[in-house]
Amino acid sequence: MPQITETLIFWIILATQVAGISSVVVARLSEGSWGAAASRRVFFACLLAVALATVSAIHLHAACWLIGAATLGLMAVGATLDFGTSRHTAAEF
């Protein structure tokens, strides 16, 4: 079995990071459209992939695990952040 190098781990983390960030953008842009459910499924699959890649990098003592951890946080915030423009207060009603 060939030994996994840190360079290969870095590129795997980078690929999952790009896929994860892209899935957040697509999921947010497709809200309310016919493809919203599919894009949410892709987002959760990418979230799992980024998590597994990050845990694998930590387990293999690769220094690039921090990139994956930052992406996990960014994906969580990006998925839950509300970009709504209409804000109503109790005084407006």
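Leaving aside its neighbours within four places in sequence, which residues is T54 in contact with? In this predicted model, the list reads I13, W65, G68, A69 and L72. T54 itself sits in helix α2, and with a relative accessibility of 4% it counts as buried. That makes T54 a handy place to start looking around, so to speak, before stepping back to the whole chain.

Stepping back, the chain holds three helices and zero strands. Reading from the N terminus, the order of elements is simply α-α-α. Of the 93 residues in the chain, 25% are buried. The chain exposes about 6700 Å², and carbon and sulfur atoms supply 72% of that area. As for how the chain meets itself, take the contacts between residues at least 6 apart in sequence: 70% of them join residues at least 24 apart.

Helix α1 comes first in the numbering and covers residues 6-29. Its 24 residues reach 34 Å from the first C-alpha to the last, close to the 34 Å expected at 1.5 Å a residue. The buried residues here are I9, I13, T16, G20, S23, V24 and A27. Look at how those numbers are spaced, with I9 and I13 as one example. An α-helix has 3.6 residues a turn, so residues three or four places apart point the same way. The buried residues of α1 pack against α2 and α3, and I13 has already turned up above as a contact of T54.

Not everything in α1 is tucked away. L14, also found in this helix, is partly exposed, with a relative accessible area of 26%. That value falls between the 20% under which a residue is called buried and the 50% over which it is called exposed. L14 and C64 are 50 residues apart along the chain, yet their C-alpha atoms are separated by 9.1 Å. C64, for its part, counts as buried at 7% relative accessibility.

Helix α2 spans residues 36-59. Its 24 residues should span 34 Å at 1.5 Å a residue, and the end C-alpha atoms are indeed 34 Å apart, so the two values agree. Buried along α2 are A36, S39, F43, C46, V50, A53, T54 and A57. These residues pack against α1 and α3. S39 gives a second close-up of α2: it is buried, with a relative accessible area of 8%. Setting aside neighbours within four places in sequence, S39 is in contact with V26, A27 and S30. A27 is one of the buried residues of α1, which fits with the packing of α2 against that helix.

Cysteines are worth a quick check too. C46, on the α2 list of buried residues, has a relative accessible area of 14% and is therefore buried. C64 is buried as well, at 7%. Even so, a search of the whole structure finds zero disulfides.

What about charged pairs? Side chains of opposite charge can pair when their charged atoms come close. The structure holds one salt bridge. It links R28 with E31, whose closest N and O atoms are 3.2 Å apart.

After α2 comes a residue with an unusual backbone angle. Most residues other than glycine have a negative phi, and most peptide bonds are trans. H61 is not a glycine, but its phi is positive, at about 60 degrees. H61 is placed in the loop between α2 and α3, and at 71% relative accessible area it is exposed.

Past that loop, helix α3 takes in residues 65-80. L66 lies in α3 and counts as exposed, with a relative accessibility of 54%. L66 also belongs to a nonpolar surface patch of about 290 Å², made together with I58 and W65. W65 has a second role in this account, as it is among the contacts of T54. So the passage ends back at its opening residue: T54, buried at 4%, touches I13 as well as W65, G68, A69 and L72.

Key. Residues are numbered from 1 along each chain as its sequence is written. This is a predicted model: local features need pLDDT of at least 70, side-chain atom pairs count only at pLDDT 80 or more; totals for chains, interfaces and linings use all residues. Side-chain values use heavy atoms; hydrogens and water are left out. Patches are made of residues with over 30% relative accessible area and no salt bridge: like charges are joined within 9 Å, nonpolar side chains (Val, Leu, Ile, Met, Phe, Trp, Tyr) within 5 Å. Accessible areas come from the Shrake-Rupley method with a 1.4 Å probe; for residues, only the protein chains shown count as cover. A salt bridge is a side-chain nitrogen of Lys or Arg within 4 Å of a carboxyl oxygen of Asp or Glu. Helices (H or I, at least four residues) and strands (E, at least two) are DSSP runs, numbered from the N terminus. Buried means under 20% relative accessible area, exposed over 50%, partly exposed in between (1.4 Å probe, protein chains only). The expected span of a helix is 1.5 Å times one less than its number of residues. Contact means heavy atoms within 4.5 Å. A disulfide is a pair of cysteine sulfur atoms within 2.5 Å.
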